[in-house]
Each structure stands twice: as structure tokens, then as C-alpha cells.
Number of protein chains: 2
Amino acid sequence: MYPFIRKARSSDIDAIVRLNMQLADYHRKIDGYYQSGAQTADGFRQFLEKIIDDDNYLILVAQIKDKITGYFIGTISEAKPFLVPQKTGRISDAFVEKDFRKSGIGRMMFDTLLNWFKEHRVKHLELSVDVRNKIGVEAWKKYGFQEFMLKMKMDL
Amino acid sequence: MYPFIRKARSSDIDAIVRLNMQLADYHRKIDGYYQSGAQTADGFRQFLEKIIDDDNYLILVAQIKDKITGYFIGTISEAKPFLVPQKTGRISDAFVEKDFRKSGIGRMMFDTLLNWFKEHRVKHLELSVDVRNKIGVEAWKKYGFQEFMLKMKMDL
């Protein structure tokens, strides 16, 4: 029952959308500013269909037996003009289903993404995490990420 | 010697670029990950020339006598697909020259931007600030902004 980390195929999209719905619902519990999974599912499916064959993206899934238990999405894009790096590796999505956490699946997917970034000569990684998602912030710090910018919001 | 807040004109671009260079150099002192003002000036000038007549942007300057002592840039754009708001008002730049701070200039420019956002029926504002820029973070909190997402980075 070891997890198997691999590049996602079109046939994984349904499973990834379901995991993303859990991720969206988790965020919506933190803050009603986020859409629920039911509201984002269609748009996210279209996004996956668009990027799954795009070489600037890598969608990874963790498979245990026949079940997809987690997914990570990495992308390589141009850095913001006010930053030194020419290109930046971004981790846009990272999710492991609750029952399968603390088993090293996240670390395996992260390491696989790191290798992909290094193969593409990416020197700098960025990601965003909700500041109130303490588990997420701590996990990324453990992986070597440092706090950089704070996104703030205000309702009018 | 009251500051006069107004929409920027093309003839203000040189002054705004000089202020932006100070802002960039301030960030570069925090972290070498940011470009210096000398490195960003040309690109920023082109950006200003592109947006100065774009109705989705408002560039404000604070003028005291003949001197431009600060500038703010606001923009209205589509929200990220995973968020509830349909459109978001963003404050992309905010700077007041050192000798003119604590005089209410920042507040006057912020209030002017707020009015513009409200006229355009914007209900949600976002901005990013370096997490180590304590003066900035505290100023935005005072204006009513709340911490939302944390951008993290890592060098490979």
C-alpha cells in the first residue's frame, strides 16, 4: 500500500476535481471570501483540461491502490518585474486527503516537484497559503519556505 | 503648503519613477530578492505610460508646491476564480517620500482611491506588502485591512 507518485492523466481529472473541492471547502470554512468546492468545480476542471498537456505545468497525483489520495500542481512562469529572478517556480495547489496525511505523501510529491523545477533550472520557488491555515504555513516552513509578502484584504 | 491630491498627468511620470526607485531600493534593503530602483526604472516607466490613460487604473500624486511627494496606484481587475468577489480593487503602489510622512498625505491618497473604488462599485480591496515592512503592515491595518494570504519563497 505504498503511495505511487506520478504525472496526472486525463482520466485522473475527476478525482483531482473532487480533492480540490475539499480544499476549497476547507478554505471557505476559514473565510467566506473563498468560494465553496461546488462553486469552483467547473472552472477548476476547465483549468485542469487546459494545463494537463502544457509543459509549463506539472500536475502530480498520489495513487494508493486505485485511489487518488492527493495532488500537487507546479508551474514555471515569469517572475514579477520588480524581482531579481527571471523565472519562478510556483506551487499553486497542494492537497492530501485527510486520512492519508502524515504518511509522507506530501513530502514525496513536493520532492518530485522540486526535481522537475531543478531540471528546468528554476532557482526560486513561490507559493501562497492562507495566513490562518497554520498546518499549511508550518508544513511549508518545514520544507524550507520563508515568509515573504503578506496579502491583505478589506471589505468596503 | 497643503498637499494637493490629484490624478497623475504624463508630465508627472518622471517624478513618479523617481519615487518608485526609492520604494524599490527600500525593498531591496529588506531582501536582495527585489530589484533595485535603477534596475526597475525603465520597465516601471513603460508600465506608467501604458496605464495612465487606462480607466481601470488610477494613479494619484500628492503635490506640495511644485514637488510630487507621493503616489498611489489603484486598479480594478477580475478576482481570482476561487474567490467570491467578482471584481477586486487593488492598491499596487503606495509611497510617500520620507520627509513628508506622518502629515496625512498617505491617508488623503488612500481616501481618494477609496472614493474611486466605491464609484466603480468595488466591494473588496486587496494589496500585498512585504511581511518584513512593519511600518507598511501596521499602516494598512490602521486603514482597515486584514491579513489574508501569506506568500512564501524558497531558493533552490
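This briefing walks through a predicted two-chain model, from its symmetry to its shared sheet. Local features here need pLDDT of at least 70, side-chain atom pairs count only at pLDDT 80 or more, and totals for chains, interfaces and linings use all residues. Residues are numbered from 1 along each chain as its sequence is written, and chains are lettered from A and ligands numbered from 1 in the order in which they are written. The central feature to look for is an open sheet of 12 strands with mixed pairing that draws on both chains.

**Confidence**

- The model has an ipTM of 0.93 and a pTM of 0.91.
- The mean pLDDT of chain A is 94, and 99% of the residues reach at least 70; pLDDT is the predictor's confidence in each residue, from 0 to 100.
- Within chain A, helix H4(A) has the lowest confidence, with a mean of 94, while strand S2 (residues 57-64) has the highest, at 97.
- Helices (H or I, at least four residues) and strands (E, at least two) are DSSP runs, numbered from the N terminus.

**Symmetry**

- Chain A superposes on chain B by a rotation of 180° with 0.0 Å of shift along the axis, at an RMSD of 0.0 Å; the fit is by least squares on the C-alpha atoms of residues with pLDDT of at least 70 in both copies.
- That is the relation of a two-fold axis.
- Leu150(A) has the C-alpha nearest the axis in chain A, at 2.4 Å.
- Both copies use the same surface, as 100% of the contact residues of chain A recur in chain B; a contact means that the C-beta atoms of two residues, placed from the backbone, lie within 7 Å.

**The interface**

- Chain A brings 38 residues to the contact, and chain B brings 38 residues.
- On the side of chain A that touches chain B, at least two residues come from each of helix H2 (37-51), helix H3 (105-119), strand S5 (124-130), helix H4 (134-142) and strand S6 (146-155).
- S6(A) gives the most to that side, with 10 residues.
- By class, that side of chain A holds 22 nonpolar, 8 polar and 8 charged residues; Ala, Val, Leu, Ile, Met, Phe, Trp, Tyr, Cys and Pro count as nonpolar, Asp, Glu, Lys and Arg as charged, and the others, Gly among them, as polar.

**The shared sheet**

- The strand order is S1(A)-S2(A)-S3(A)-S4(A)-S5(A)-S6(B)-S6(A)-S5(B)-S4(B)-S3(B)-S2(B)-S1(B); two strands pair if DSSP finds at least two bridges between them.
- Strand S1 (4-7) of chain A and strand S1 (4-7) of chain B stand at the edges with a single partner strand each, so one side of each has no neighbour in the sheet.
- On average, neighbouring strands are turned by 25° against each other, direction ignored.
- S6(A) and S6(B) run antiparallel and are joined by 7 bridges; among the partners, Glu147(A) bridges to Met152(B) and Lys153(A) to Gln146(B).
- S5(A) also pairs with S6(B) in the antiparallel sense, over 7 bridges, and His124(A) has Asp155(B) as its bridge partner there.

**Within each chain**

- S1(A) and S2(A) run antiparallel with 4 bridges, and Phe4(A) stands opposite Gln63(A).
- H3(A) packs on the sheet against S1, S2, S3, S4 and S5 of chain A, making about 30° with the direction of S3(A); axes are lines fitted to C-alpha atoms, for helices over the stretch in contact, and angles run from 0 to 180 degrees between N-to-C directions.
- H4(A) packs on S5 of chain A together with S6 of chain B, at about 160° to the direction of S5(A).
- S3(B) and S4(B) pair in the antiparallel sense over 9 bridges, with Ile76(B) opposite Gly89(B).
- S4(B) and S5(B) pair in the parallel sense over 2 bridges, and Arg90(B) has Glu126(B) as its partner.
- The β-α-β crossover from S4(B) through helix H3 of chain B to S5(B) is right-handed: with the strands pointing away from the viewer, the path from the first strand over the helix to the second runs clockwise.
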